[in-house]
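Biologist: I would like to go through this chain with you, one point at a time. Please give the reasoning first and the value or name last.

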Amino acid sequence: SKPSWADQVEEEGGEDDKCITSELLKDLPLPGVLGGPSSAEAELLKGGPLPSPKELINGNIKTITEYREEEDGRKVKIIRTFRIETRKASKAVARRKNWKKFGNSEFDAPGPNVATTTVSDDVFMTFIT
């Protein structure tokens with residue numbers, strides 16, 4: 001079993017979990033890493049309001065930077081990094097995804113709804129001749 005991309009990034013972090021590096025992330029520009037705090041970090045130090053979340057897409061890497069205030073009053077910067085993957089489905093699956101929904105899901109948004117869709121254990125069939 002091959003570890004997922006996220007597990008590989010976590011493992012490469014080493015002992016110091018403050019900065020997680022990966023081969024995929026080396027080319028991303030990270031403002032304020034070497035030149036002191038960025039403007040958003042300086043704003044956090046001043047005690048002003050929290051900056052709005054920022055989203056950066058560079059190739060197939062998406063980085064979301066958010067700021068929040070902890071219960072004890074500390075301000076925290078959260079950086080989440082995702083790899084964007086596109087998967088092709090067969091023509092039959094693509095056609096089924098365009099079908100109109102019916103029943104309890106008639107007015108639901110596209111995609112599965114957790115209220116009406118459940119995922120259970122795999123069922124294996126045994127054919128008896």
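Biologist: What is the relative accessible area of R80, which is partly exposed?

Modeller: The model is a predicted one. R80 sits in strand β3 (residues 75-83). Partly exposed covers the range between under 20% and over 50%, and R80 falls there because its relative accessible area is 37%.

Biologist: Which residue forms a salt bridge with R80?

Modeller: The partner has to bring a carboxyl oxygen within 4 Å of a side-chain nitrogen. For R80 the closest N and O atoms are 3.5 Å apart. The partner is in strand β2 (residues 61-69), 14 residues away from R80, and the pair links distant parts of the chain. It is E66.

Biologist: Is E66 buried, partly exposed or exposed?

Modeller: Buried would need a value under 20%, and exposed one over 50%. The relative accessibility of E66 is 25%, so this residue counts as partly exposed.

Biologist: How many salt bridges does a search of the whole structure find?

Modeller: The pair E66 and R80 is a salt bridge. R68 and E70 also meet through their side chains in a salt bridge, at 3.2 Å from N to O. R87 forms another with E85. The search of the whole structure gives 6.

Biologist: In the salt bridge of R68 and E70, what is the relative accessibility of R68?

Modeller: Both side chains of this pair are partly exposed: E70 is at 25% relative accessibility, and R68 also counts as partly exposed. The value for R68 is 45%.

Biologist: Which residues are joined into one network by salt bridges that share partners?

Modeller: Start with R87 and E85, whose closest N and O atoms are 3.3 Å apart. R87 is exposed, with a relative accessible area of 73%, whereas E85 is partly exposed at 43%. Shared partners then give a network of R83, E85 and R87.

Biologist: Is T65 buried or exposed?

Modeller: T65 lies in strand β2. Apart from residues up to four places away in sequence, T65 touches P53, K54, K77, I78 and I79. Its relative accessible area is 16%, and the limit for buried is under 20%, so T65 is buried.

Biologist: Which residues does I79 touch, leaving out those up to four places away in sequence?

Modeller: I79 is in strand β3. One of its contacts follows from the list for T65, which includes I79. The C-alpha atoms of I79 and Y67 are 8.7 Å apart, at a sequence distance of 12 residues. The residues touched by I79 are T63, I64 and T65.

Biologist: In what order do the elements run from the N terminus on?

Modeller: The protein chain has 3 helices and 3 strands. Strands β2 and β3 hold E66 and R80, and helix α3 (residues 91-97) holds K97. From the N terminus on, the order is α-α-β-β-β-α.

Biologist: How far apart are the C-alpha atoms of K97 and G111?

Modeller: K97 counts as exposed, at 64% relative accessibility. K97 and G111 are 14 residues apart along the chain. Their C-alpha separation is 8.3 Å.

Biologist: What is the volume of the second largest pocket?

Modeller: K97 is one of the residues that line this pocket, and W99, F102 and D108 are also among them. By class, the lining has 4 nonpolar, 1 polar and 5 charged residues. The volume is about 160 Å³.

Biologist: Which element of the protein chain has the lowest mean pLDDT?

Modeller: The mean over the protein chain is 75, and 64% of the residues reach 70 or more. Below 50 is the stretch of residues 13-21, which has 5 contacts beyond near neighbours in sequence. Residues 32-36 stay under 50 as well, with 4 contacts beyond four places in sequence. Among the elements, strand β1 (residues 54-58) has the highest mean, 93, and the lowest, 54, belongs to helix α2 (residues 39-46).

Biologist: What percentage of the residues of the protein chain count as buried?

Modeller: T65 is buried, while E66 is partly exposed. Over the 129 residues of the protein chain, the buried share is 12%.

Conventions: Residues numbered from 1 in each chain as written. Predicted model: local features only at pLDDT ≥ 70, side-chain atom pairs only at ≥ 80, totals over all residues. Heavy atoms only, no water. Helix = DSSP H or I, 4+ residues; strand = E, 2+ residues; numbered from the N terminus. Buried < 20%, exposed > 50% of the residue type's maximum accessible area, 1.4 Å probe, protein only. 1 Å grid on protein atoms, 1.4 Å probe; cavity = no way out; pocket = protein on both sides within 12 Å on 5 of 7 lines; lining within 4 Å. Points joined across faces, edges and corners; volume = space filled by probe spheres on them. Nonpolar A, V, L, I, M, F, W, Y, C, P; charged D, E, K, R; others polar. pLDDT = per-residue confidence, 0-100. Contact = heavy atoms within 4.5 Å.
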